[in-house]
Every structure is written in structure tokens, then in C-alpha cells.
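Hi,

Here is the structure I said I would pass on. Have a look at it, and then read my notes underneath.

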Amino acid sequence: MKTDELTSWLADNGVRMVRTEGISIDGLSVGKHLSPGKFLRSLPLGPAVSDAVLAADVAGGVNIGLLGKWSGGFLGDIHQSPDLSTLVMLAGRPGVASCIVDHVDVAGEPLPVCPRVTLQRVQQELAQRGFEARLGFEIEAMIFQESFAEARAKGYRELQSLGVPVPVAYLNQSAHLQAPFMEEVTRRLDALAVEWEAWSDELALGQVELNLAPADPLRAADSAHRARQVFREVAYDLDHSVTFMGKPTAAIGNGLHIHHSLLRDGTPVFHDAEAPEGRSEIMRHWMAGLLATMDGAVSLLVPTVNAYRRMVDFAGAPTTATWGEENKSAALRVVSRSPGVARIEHRLGSGELNPYVAAAGILAGGMVGLDEALEPPEATTRMAWAMGEGTPVLPAKLSAAADALEADERMIGLLGAEFVEHWIKTRRWEWQAFCNGVENVDAAEITLWELNRYFELS
């Protein structure tokens with residue numbers, strides 16, 4: 001969009017301010033509210049923010065050792081460079097526009113530790129191999145009757161779920177009670193041009209699932225990022241609370257499954273009618289890469305201490321590096337029956353994952369399989385939990401997953417050494433904060449430390 005076109009767009013839409021949306025390492029939306037004039041004058045670098053936005057954890061603690069590396073000073077400036085193709089008006093806030101940004105240095109160079117920049121770089125690696133990907137996010141969230149302030153006052157415990165107090169998935173009685181909330185969510189998503197396909201009551205009390213339409217990886221991650229922000233804002237406005245925290249209650253937790261497929265020259269390539277079970281050679285290699293790199297990918301897809309509480313047998317989340325045709329207990333559910341539906345559902349992700357980091361990790365893992373022409377192990381044709389010896393069990397702690405990623409040179413090469421180093425430092429910082437904050441790191445019950453840290457912001 002040229003400057004005169006942008007000026008006209010702002011005037012025609014009655015824009016009084018523009019909200020910038022940067023993505024923190026933990027997936028939080030961070031930015032400023034600018035007057036139209038300031039927004040225009042800031043281009044193309046965008047507004048300056050402290051480099052602390054990429055060194056802060058989900059609770060606001062700043063890892064001082066990460067400061068200055070990109071800004072050249074202590075709490076120095078970096079910039080939020082707007083992606084003008086994401087500029088939209090916000091529903092529910094007349095006169096307010098919003099624009100997603102990339103974090104860049106003072107010279108305008110993209111920062112390699114920025115999650116959105118990392119995804120774009122990995123997406124370009126895939127394009128150099130002649131492929132494009134389509135990703136669709138399935139977002140799970142738990143909605144409660146209490147407002148955030150009321151939930152906070154109760155220590156986030158014994159909250160009243162929004163829905164019937166019986167854990168029956170797809171229950172329309174619950175959906176009827178959730179409808180006012182979800183109708184407002186979907187209305188705002190429509191205004192943001194975030195294409196959604198369906199929503200439904202899910203298995204945990206007060207839990208809903210929102211299915212977003214498949215798109216190229218960057219736009220899919222943008223949509224997931226904006227959708228979760230909309231959930232939070234609707235909760236504030238309707239005096240409810242919502243969380244994407246992996247395990248906020250003793251019930252089954254929140255996941256974030258990612259369906260994806262590959263195309264070459266616009267044609268899907270995961271299906272081959274001549275291949276066994278319809279799975280193409282490309283699909284087999286891609287799937288094998290995901291499995292071969294899955295230990296390290298756990299760190300990217302399961303990013304908090306609390307999220308690992310989901311990863312126990314028979315609790316919904318996968319615990320083994322396995323795949324199976326239409327097998328939702330495996331880490332990879334494969335669908336290959338026809339060209340139009342052939343895809344892989346990556347079921348490992350926790351509800352609070354950073355969609356840009358997760359998407360980059362999936363693309364990188366798949367490319368390892370393509371580059372090395374890997375072949376997957378035999379499909380899992382039974383339940384993929386408690387399978388016994390010989391089955392690769394995934395890391396079950398945040399620190400162990402970080403160690404696995406640090407040891408995976410193939411993933412580091414595709415994701416970028418600087419990003420991976422930064423990510424691992426932030427995960428170890430998170431683990432250390434947990435160890436310092438609780439008496440028993442092996443406690444079976446969800447701790448107040450976890451609820452205070454993750455319920456509202458994850």
C-alpha cells in the first residue's frame with residue numbers, strides 16, 4: 001500500500017488510532033496505540049519499543065542476559081515494522097485499526113529471534129524446495145462464568161464453567177449456553193477477515209474448539225494469533241474469563257492441533273492414488289521428518305511448565321512419537337483417503353503455544369524428512385498410549401524438551417541458530433522460575449504458581 005493510499009484508507013475508515021501487534025516469544029500481543037499521523041511518520045520502520053519485549057517472560061520478568069543483543073544498548077530500541085497487508089479495523093472499537101508487525105533493528109533488518117520473522121524465513125526455505133504449505137489451526141479454550149477479576153480473587157480455582165456441568169463433547173446444550181460468547185467472537189473475527197469454519201463444545205467443562213480455515217503458514221499463524229486475542233477481549237467485554245493454558249483444571253486440558261498439507265504449483269502432493277493407502281512419497285518423507293525431529297519439536301509445541309501436565313497416557317495429548325491413519329491417540333493423525341482431504345494433523349501442540357514458533361517447527365521438521373528422503377516407521381494401529389518398550393516416548397518436562405532441541409542440529413539449521421539459542425534460553429529461564437517458585441517441582445496437583453503465571457496470559 002502506497003503512502004497516499006494508506007493515508008486515504010485511514011481517513012476513509014475514520015481511524016483515530018492504530019494498534020500495533022507484535023508477537024512476543026511466548027506469543028503475547030505487544031505494541032502501541034498510535035495516532036494516524038504518528039503511524040504514518042513511523043513508516044517503514046514502525047514505532048520503537050524496548051528490546052525487553054523479546055526478553056520478557058509470560059509473567060513480565062525480564063532476562064537481563066538477553067537485553068542489548070539486538071538493540072546495542074541496555075533496554076535499547078528495536079522497531080515494530082508494520083505488515084500493511086494485515087491492517088484492519090477492530091470490531092467493537094470504533095475508530096481503532098490494528099496492524100501486525102515484524103520486529104526489526106534500528107536499521108530495519110529483521111530480528112532473527114522474532115517469532116514472525118522466523119516463520120517467514122522457514123517458509124522461504126520451503127519455497128526454495130518448490131513447495132508451499134497450507135495450515136489450519138484448531139484452537140481450544142476454556143470459558144468460565146467469572147470475570148478475570150473474580151477468577152483472580154478465587155486463585156483461579158473452583159470456577160464455574162460456561163456450559164452444562166457434564167463433560168460431553170459436541171453437546172448442543174452446552175453450545176447453547178456458550179453461543180452468546182462465541183457469536184461475538186465470530187462476529188469480530190469476520191470483521192478482522194479471519195476466516196473460521198466451525199466451533200463446537202469440547203470435552204472439558206466450558207471448553208470450546210474453534211476451527212480456522214487453512215491458509216499459507218504466515219497468514220494461518222496471524223489468524224490464530226488474532227483469534228486468541230479476540231477470545232480474551234470478548235471475555236473482558238462480557239465479564240467472563242477464558243484461558244488457553246494447557247492444564248488449568250484437573251480435567252482434560254487445552255490443545256492446539258495443526259492440520260497441514262503441501263502443494264507444488266498449487267496442486268496437493270500428499271495423495272498418490274497409485275501409492276499404498278494413497279500416501280505419496282512426499283507425504284511419507286515429510287511425516288518421517290516430523291517423527292525424527294519430534295523430541296526437539298516438543299519444546300516448540302509444548303512451551304510451558306504446565307503444558308506438560310497434559311502429556312500423560314490416556315489424557316488426550318500424545319505421549320509417543322507415533323503416527324496412524326485416523327488415529328487421534330498418535331502424535332500425527334494421518335488422513336490420506338483422497339486428494340481433497342489428504343493432510344497431517346499434528347496433535348502435540350498445547351493450547352498456549354506460539355503459533356508462529358509451532359508452524360516454523362512443523363515446517364522445519366517436515367523439510368528434514370524431504371531433504372534426507374526419510375521413511376516413517378510402521379503405522380500405529382492401536383491406542384498410542386502406554387505402548388511399552390520399543391516405542392519412542394516424548395520428553396515429559398520443559399527442560400528435557402529444551403535439551404532435545406539443543407541437540408538437534410538439523411532443526412537448528414532450518415530454524416536458525418540464533419533463534420534456537422534464544423528460544424532455549426527462554427525455556428530454561430521458565431523452568432528455573434518454576435523451580436524457584438514452588439516447593440516441590442514433582443507435585444501432582446496444579447500449583448498456584450502455574451495458575452497465577454499462565455491462566456490469564458498464556
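**A patch on the surface**

I64, F74 and L75 make a nonpolar surface patch of about 340 Å². For patches, residues need over 30% relative accessible area and no salt bridge (a Lys or Arg side-chain nitrogen within 4 Å of an Asp or Glu carboxyl oxygen), and nonpolar side chains are joined within 5 Å. Areas are Shrake-Rupley values with a 1.4 Å probe. I64 sits in the loop between β4 (48-50) and β5 (77-82); helices (H or I, at least four residues) and strands (E, at least two) are DSSP runs numbered from the N terminus. Because its relative accessibility is 55%, I64 counts as exposed (over 50%; buried is under 20%, partly exposed in between).

Before you go on: this is a predicted model, with local features needing pLDDT of at least 70 and side-chain atom pairs 80 or more, while totals for chains, interfaces and linings use all residues. Residues are numbered from 1 along each chain as its sequence is written, and side-chain values use heavy atoms, leaving out hydrogens and water.

**Inside**

The largest nonpolar core (buried Ala, Val, Leu, Ile, Met, Phe, Trp, Tyr and Cys joined through side-chain atoms within 4.5 Å) has 112 residues, and F231, L262 and W286 have the most contacts inside it. Helix α9 gives the most to this core, 11 residues. Another core, of 13 residues, lies apart from it and includes V49 and L67.

Then there is α12: its buried residues include W423 and W431, and among the elements covering them are α3 (115-128) and α9 (355-372).

Cheers

Definitions and conventions:
Buried means under 20% relative accessible area, exposed over 50%, partly exposed in between (1.4 Å probe, protein chains only). Contact means heavy atoms within 4.5 Å. Patches are made of residues with over 30% relative accessible area and no salt bridge: like charges are joined within 9 Å, nonpolar side chains (Val, Leu, Ile, Met, Phe, Trp, Tyr) within 5 Å.
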